[in-house]
Amino acid sequence: MRLAHLHFPDITSFTRVSNLQKTLTTRLLAHKKLAQSPTTGQTPPPPPDPTIITFTPNPVYTTGRRDLPPSNTSPQPPSQSTTHALSLPPPLEPIRSLLSAGNGSPAVAEYHPTLRGGQTTYHGPGQMVAYTILDLRRLGLTPRCHIRLLEKSVVDVLGFYGLKGLVTEDPGVWVGGTTTTSRASHELPKKITAVGVHLRRNISSFGIGFNVTDEPMWYFQQIVACGLEGREVTSLEGQGVEGVTVGEVAERFVGAFVERVNADFACGGAASGEKIEEVYRVSEEDLLECSLG
(Lines give C-alpha, C1' and ligand atoms only; values in the text may rest on other atoms or scores of the structure.)
Protein backbone atom coordinates (compact mmCIF):
# COMPACT_ATOMS: atom_id res chain seq x y z
CA MET A 1 0.00 0.00 0.00
CA ARG A 2 1.12 3.55 -0.73
CA LEU A 3 0.25 6.55 1.46
CA ALA A 4 -0.20 9.99 -0.09
CA HIS A 5 0.93 13.00 1.94
CA LEU A 6 -0.25 16.49 1.05
CA HIS A 7 1.33 19.29 3.06
CA PHE A 8 0.24 22.91 2.74
CA PRO A 9 3.31 24.97 3.73
CA ASP A 10 1.41 28.25 4.15
CA ILE A 11 -1.60 29.22 6.22
CA THR A 12 -4.54 27.73 4.36
CA SER A 13 -8.28 28.29 4.45
CA PHE A 14 -9.98 25.81 6.76
CA THR A 15 -12.88 25.59 4.30
CA ARG A 16 -10.52 24.74 1.44
CA VAL A 17 -9.03 21.79 3.30
CA SER A 18 -12.41 20.65 4.60
CA ASN A 19 -13.78 20.56 1.05
CA LEU A 20 -10.77 18.58 -0.16
CA GLN A 21 -11.18 16.14 2.73
CA LYS A 22 -14.83 15.68 1.80
CA THR A 23 -13.85 14.94 -1.81
CA LEU A 24 -11.37 12.27 -0.70
CA THR A 25 -13.75 10.59 1.73
CA THR A 26 -16.49 10.56 -0.91
CA ARG A 27 -14.08 8.88 -3.32
CA LEU A 28 -13.21 6.16 -0.78
CA LEU A 29 -16.88 5.58 0.05
CA ALA A 30 -17.77 5.33 -3.65
CA HIS A 31 -15.05 2.74 -4.22
CA LYS A 32 -16.21 0.72 -1.23
CA LYS A 33 -19.77 0.68 -2.58
CA LEU A 34 -18.55 -0.36 -6.02
CA ALA A 35 -16.35 -3.12 -4.62
CA GLN A 36 -19.23 -4.53 -2.59
CA SER A 37 -21.61 -4.56 -5.58
CA PRO A 38 -19.43 -5.16 -8.66
CA THR A 39 -20.87 -5.30 -12.14
CA THR A 40 -21.08 -8.88 -13.39
CA GLY A 41 -17.89 -9.90 -15.15
CA GLN A 42 -15.99 -6.74 -14.18
CA THR A 43 -13.15 -6.47 -11.68
CA PRO A 44 -13.43 -3.42 -9.41
CA PRO A 45 -10.63 -0.86 -9.80
CA PRO A 46 -7.93 -0.78 -7.10
CA PRO A 47 -8.85 1.26 -4.02
CA PRO A 48 -7.70 4.88 -3.75
CA ASP A 49 -4.56 5.38 -1.70
CA PRO A 50 -5.01 6.56 1.89
CA THR A 51 -4.09 10.20 2.39
CA ILE A 52 -2.81 12.40 5.20
CA ILE A 53 -3.26 16.16 4.81
CA THR A 54 -1.11 18.35 7.05
CA PHE A 55 -1.70 22.10 7.24
CA THR A 56 -2.07 25.21 9.36
CA PRO A 57 -5.44 26.96 9.01
CA ASN A 58 -6.41 30.56 9.51
CA PRO A 59 -7.69 31.15 13.10
CA VAL A 60 -10.79 29.03 13.55
CA TYR A 61 -12.84 27.58 16.38
CA THR A 62 -14.46 24.25 15.59
CA THR A 63 -17.03 22.17 17.38
CA GLY A 64 -17.59 18.43 17.23
CA ARG A 65 -20.83 16.50 17.32
CA ARG A 66 -21.26 17.05 21.07
CA ASP A 67 -21.21 20.85 20.69
CA LEU A 68 -23.12 21.49 17.46
CA PRO A 69 -25.00 24.81 17.35
CA PRO A 70 -28.76 24.72 17.97
CA SER A 71 -30.00 25.67 14.50
CA ASN A 72 -27.39 24.83 11.86
CA THR A 73 -24.53 22.48 11.04
CA SER A 74 -22.65 24.85 8.76
CA PRO A 75 -21.34 28.39 9.24
CA GLN A 76 -23.32 31.35 7.95
CA PRO A 77 -22.18 32.98 4.69
CA PRO A 78 -20.02 36.06 5.30
CA SER A 79 -22.87 38.38 4.33
CA GLN A 80 -24.99 36.90 7.14
CA SER A 81 -22.30 36.57 9.79
CA THR A 82 -23.49 39.40 12.00
CA THR A 83 -23.60 39.31 15.77
CA HIS A 84 -27.25 38.25 15.72
CA ALA A 85 -27.26 35.96 12.69
CA LEU A 86 -24.40 33.62 13.64
CA SER A 87 -25.73 30.49 15.31
CA LEU A 88 -23.35 29.36 18.04
CA PRO A 89 -23.34 26.51 20.56
CA PRO A 90 -23.34 27.49 24.24
CA PRO A 91 -19.55 27.01 24.73
CA LEU A 92 -18.84 29.75 22.15
CA GLU A 93 -21.49 32.28 23.18
CA PRO A 94 -19.07 34.08 25.55
CA ILE A 95 -16.75 34.88 22.60
CA ARG A 96 -19.42 35.78 20.06
CA SER A 97 -17.78 39.18 19.53
CA LEU A 98 -14.54 37.48 18.39
CA LEU A 99 -16.40 35.48 15.77
CA SER A 100 -18.49 38.30 14.32
CA ALA A 101 -17.40 41.17 12.10
CA GLY A 102 -18.44 44.60 13.27
CA ASN A 103 -17.73 48.32 12.86
CA GLY A 104 -15.74 47.66 9.71
CA SER A 105 -13.40 45.19 11.44
CA PRO A 106 -13.13 41.53 10.44
CA ALA A 107 -13.82 38.73 12.89
CA VAL A 108 -10.83 37.67 15.01
CA ALA A 109 -11.49 34.01 14.15
CA GLU A 110 -13.92 31.95 12.10
CA TYR A 111 -16.35 29.38 13.44
CA HIS A 112 -16.93 26.01 11.76
CA PRO A 113 -19.13 23.22 13.16
CA THR A 114 -17.91 19.78 12.12
CA LEU A 115 -19.00 16.15 12.39
CA ARG A 116 -15.85 14.96 14.17
CA GLY A 117 -16.04 13.55 17.66
CA GLY A 118 -15.37 15.70 20.68
CA GLN A 119 -16.29 19.22 21.66
CA THR A 120 -14.94 22.73 21.12
CA THR A 121 -11.33 23.45 20.16
CA TYR A 122 -9.16 25.94 18.28
CA HIS A 123 -6.94 25.62 15.21
CA GLY A 124 -4.65 28.25 13.75
CA PRO A 125 -1.13 29.57 13.17
CA GLY A 126 1.47 27.82 15.29
CA GLN A 127 -0.36 24.51 15.04
CA MET A 128 0.05 21.44 12.83
CA VAL A 129 -3.31 19.95 11.87
CA ALA A 130 -3.29 16.48 10.34
CA TYR A 131 -6.32 14.92 8.68
CA THR A 132 -6.15 11.17 8.04
CA ILE A 133 -8.44 9.97 5.24
CA LEU A 134 -8.22 6.18 5.47
CA ASP A 135 -10.11 2.94 5.07
CA LEU A 136 -9.59 1.48 8.55
CA ARG A 137 -10.21 -2.08 7.39
CA ARG A 138 -7.34 -1.96 4.88
CA LEU A 139 -5.05 -0.98 7.75
CA GLY A 140 -6.47 -3.59 10.11
CA LEU A 141 -7.75 -0.92 12.52
CA THR A 142 -10.79 -0.83 14.75
CA PRO A 143 -12.18 2.62 15.61
CA ARG A 144 -10.55 2.48 19.04
CA CYS A 145 -7.23 1.35 17.58
CA HIS A 146 -7.39 4.24 15.14
CA ILE A 147 -7.57 6.76 17.99
CA ARG A 148 -4.74 5.01 19.84
CA LEU A 149 -2.67 5.01 16.65
CA LEU A 150 -3.02 8.78 16.32
CA GLU A 151 -2.21 9.32 19.98
CA LYS A 152 0.81 7.01 20.00
CA SER A 153 2.16 8.60 16.83
CA VAL A 154 2.07 11.97 18.59
CA VAL A 155 3.75 10.43 21.64
CA ASP A 156 6.53 9.16 19.35
CA VAL A 157 7.01 12.65 17.89
CA LEU A 158 7.17 14.17 21.36
CA GLY A 159 9.76 11.58 22.34
CA PHE A 160 12.00 12.73 19.49
CA TYR A 161 12.01 16.20 21.07
CA GLY A 162 12.77 14.82 24.52
CA LEU A 163 9.24 15.10 25.89
CA LYS A 164 7.17 12.36 27.48
CA GLY A 165 3.70 12.27 26.00
CA LEU A 166 0.83 10.99 28.11
CA VAL A 167 -2.43 9.34 27.10
CA THR A 168 -4.98 9.61 29.94
CA GLU A 169 -8.69 9.05 30.43
CA ASP A 170 -9.20 12.51 28.92
CA PRO A 171 -9.04 12.84 25.13
CA GLY A 172 -5.87 13.94 23.37
CA VAL A 173 -2.17 13.81 24.23
CA TRP A 174 -0.72 15.51 27.30
CA VAL A 175 2.68 16.45 28.70
CA GLY A 176 4.03 17.37 32.12
CA GLY A 177 2.34 16.85 35.44
CA THR A 178 4.22 16.59 38.72
CA THR A 179 3.53 15.84 42.35
CA THR A 180 5.44 17.59 45.14
CA THR A 181 5.05 15.53 48.30
CA SER A 182 6.44 18.20 50.62
CA ARG A 183 3.60 20.56 49.74
CA ALA A 184 1.15 17.85 48.73
CA SER A 185 0.60 19.78 45.52
CA HIS A 186 -0.18 18.28 42.16
CA GLU A 187 0.38 19.90 38.78
CA LEU A 188 -1.95 18.49 36.16
CA PRO A 189 -0.64 17.55 32.72
CA LYS A 190 -1.23 20.05 29.92
CA LYS A 191 -2.76 19.18 26.58
CA ILE A 192 -0.44 19.52 23.61
CA THR A 193 -2.53 17.73 20.97
CA ALA A 194 -6.28 17.46 20.43
CA VAL A 195 -7.70 14.34 18.75
CA GLY A 196 -11.07 14.13 17.03
CA VAL A 197 -12.20 11.94 14.14
CA HIS A 198 -15.26 11.06 12.12
CA LEU A 199 -16.06 7.61 10.74
CA ARG A 200 -18.51 6.54 8.08
CA ARG A 201 -18.46 2.90 6.96
CA ASN A 202 -14.94 2.66 8.43
CA ILE A 203 -13.68 5.59 6.34
CA SER A 204 -11.96 8.07 8.63
CA SER A 205 -11.63 11.83 8.40
CA PHE A 206 -10.34 14.68 10.59
CA GLY A 207 -7.51 13.79 12.99
CA ILE A 208 -5.28 15.88 15.27
CA GLY A 209 -4.25 19.42 16.16
CA PHE A 210 -0.64 19.53 17.44
CA ASN A 211 0.53 22.76 19.10
CA VAL A 212 4.01 23.69 17.88
CA THR A 213 4.41 27.30 19.09
CA ASP A 214 2.73 29.40 21.76
CA GLU A 215 0.81 31.42 19.18
CA PRO A 216 -2.46 29.49 19.72
CA MET A 217 -2.40 29.91 23.52
CA TRP A 218 -4.36 33.19 23.67
CA TYR A 219 -7.13 31.68 21.56
CA PHE A 220 -7.34 28.61 23.78
CA GLN A 221 -7.60 30.83 26.86
CA GLN A 222 -10.86 32.26 25.51
CA ILE A 223 -12.67 28.88 25.67
CA VAL A 224 -12.96 25.72 27.74
CA ALA A 225 -11.05 23.54 25.30
CA CYS A 226 -12.67 20.13 24.72
CA GLY A 227 -15.04 20.81 27.61
CA LEU A 228 -12.32 20.20 30.20
CA GLU A 229 -12.74 22.92 32.82
CA GLY A 230 -9.53 24.02 34.53
CA ARG A 231 -7.18 22.15 32.20
CA GLU A 232 -4.38 24.02 30.45
CA VAL A 233 -3.00 23.79 26.93
CA THR A 234 0.67 23.90 25.95
CA SER A 235 2.96 23.57 22.94
CA LEU A 236 6.43 22.38 22.00
CA GLU A 237 7.65 25.93 22.51
CA GLY A 238 5.90 26.11 25.88
CA GLN A 239 7.78 22.97 26.90
CA GLY A 240 11.14 24.50 25.96
CA VAL A 241 11.44 23.09 22.43
CA GLU A 242 12.11 26.12 20.25
CA GLY A 243 12.90 26.69 16.59
CA VAL A 244 10.73 23.83 15.33
CA THR A 245 8.58 24.42 12.25
CA VAL A 246 5.12 23.09 11.50
CA GLY A 247 6.49 21.41 8.38
CA GLU A 248 9.08 19.52 10.41
CA VAL A 249 6.45 18.29 12.88
CA ALA A 250 4.21 17.26 9.97
CA GLU A 251 6.97 15.12 8.46
CA ARG A 252 7.77 13.50 11.80
CA PHE A 253 4.09 12.76 12.49
CA VAL A 254 3.56 11.06 9.13
CA GLY A 255 6.76 9.05 9.64
CA ALA A 256 5.70 7.99 13.14
CA PHE A 257 2.23 7.08 11.88
CA VAL A 258 3.64 4.80 9.18
CA GLU A 259 6.07 3.13 11.59
CA ARG A 260 3.25 2.47 14.04
CA VAL A 261 0.94 1.03 11.37
CA ASN A 262 3.61 -1.28 10.04
CA ALA A 263 4.86 -2.42 13.44
CA ASP A 264 1.54 -2.82 15.23
CA PHE A 265 -1.04 -3.69 12.57
CA ALA A 266 0.66 -4.90 9.38
CA CYS A 267 3.25 -7.30 10.80
CA GLY A 268 3.23 -10.05 13.37
CA GLY A 269 1.11 -13.07 14.11
CA ALA A 270 -2.34 -11.51 14.58
CA ALA A 271 -1.83 -8.48 12.31
CA SER A 272 -4.46 -8.15 9.58
CA GLY A 273 -3.67 -4.81 7.96
CA GLU A 274 -1.77 -4.00 4.80
CA LYS A 275 1.75 -2.69 5.15
CA ILE A 276 2.49 0.87 4.00
CA GLU A 277 5.35 0.36 1.57
CA GLU A 278 5.81 3.96 0.47
CA VAL A 279 4.90 7.53 1.39
CA TYR A 280 4.75 9.90 -1.56
CA ARG A 281 4.14 13.64 -1.70
CA VAL A 282 1.21 14.92 -3.73
CA SER A 283 -0.24 18.28 -4.62
CA GLU A 284 -3.83 19.38 -4.22
CA GLU A 285 -4.18 19.28 -8.00
CA ASP A 286 -2.96 15.66 -8.07
CA LEU A 287 -5.63 14.60 -5.60
CA LEU A 288 -8.40 16.47 -7.38
CA GLU A 289 -7.41 15.01 -10.74
CA CYS A 290 -7.53 11.51 -9.28
CA SER A 291 -10.98 12.21 -7.92
CA LEU A 292 -12.20 13.44 -11.26
CA GLY A 293 -10.69 10.40 -12.95
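**Entry 1: strand pairing**

I started with strand β3, residues 60–63. In this predicted model, β3 pairs with β5 in the antiparallel sense, over four bridges. I then looked up one position along the pair: T63 stands opposite T120 in β5.

**Entry 2: the sheet**

Next I asked which order the strands take in this open sheet. I found three strands, in the order β4-β3-β5, and the pairing is mixed. I noted the edges too. β4, residues 110–113, and β5 each have a single partner strand, so one side of each is left without a neighbour in the sheet. For the twist, I read an average of 25 degrees from one strand to the next.

**Entry 3: the second largest pocket**

I moved on to the second largest pocket and looked up its volume, which is about 450 Å³. I counted 28 residues in the lining. Which of them lie nearest the centre? They are G117, G118, P171, V195 and G196.

I then checked which elements give two or more residues to this lining. β5 (120–123) is among them, so named alongside β6 (127–135) and α3 (143–160). The list also holds β11 (190–200) and β12 (203–211). Which element gives the most? I found that β11 does, with five residues.

**Entry 4: lining by class**

Last, I sorted the lining of the second largest pocket by class. I noted eleven nonpolar residues and eleven polar ones. Six charged residues complete the lining.

**Cross-reference**

I marked β5 for both topics: β5 stands at an edge of the open sheet, and β5 also gives residues to the lining of the second largest pocket.

Technical notes: Residues numbered from 1 in each chain as written. Predicted model: local features only at pLDDT ≥ 70, side-chain atom pairs only at ≥ 80, totals over all residues. Heavy atoms only, no water. 1 Å grid on protein atoms, 1.4 Å probe; cavity = no way out; pocket = protein on both sides within 12 Å on 5 of 7 lines; lining within 4 Å. Points joined across faces, edges and corners; volume = space filled by probe spheres on them. Nonpolar A, V, L, I, M, F, W, Y, C, P; charged D, E, K, R; others polar. Pairing = 2+ DSSP bridges. Axes fitted to C-alpha atoms, helices over the stretch in contact; angles between N-to-C directions.
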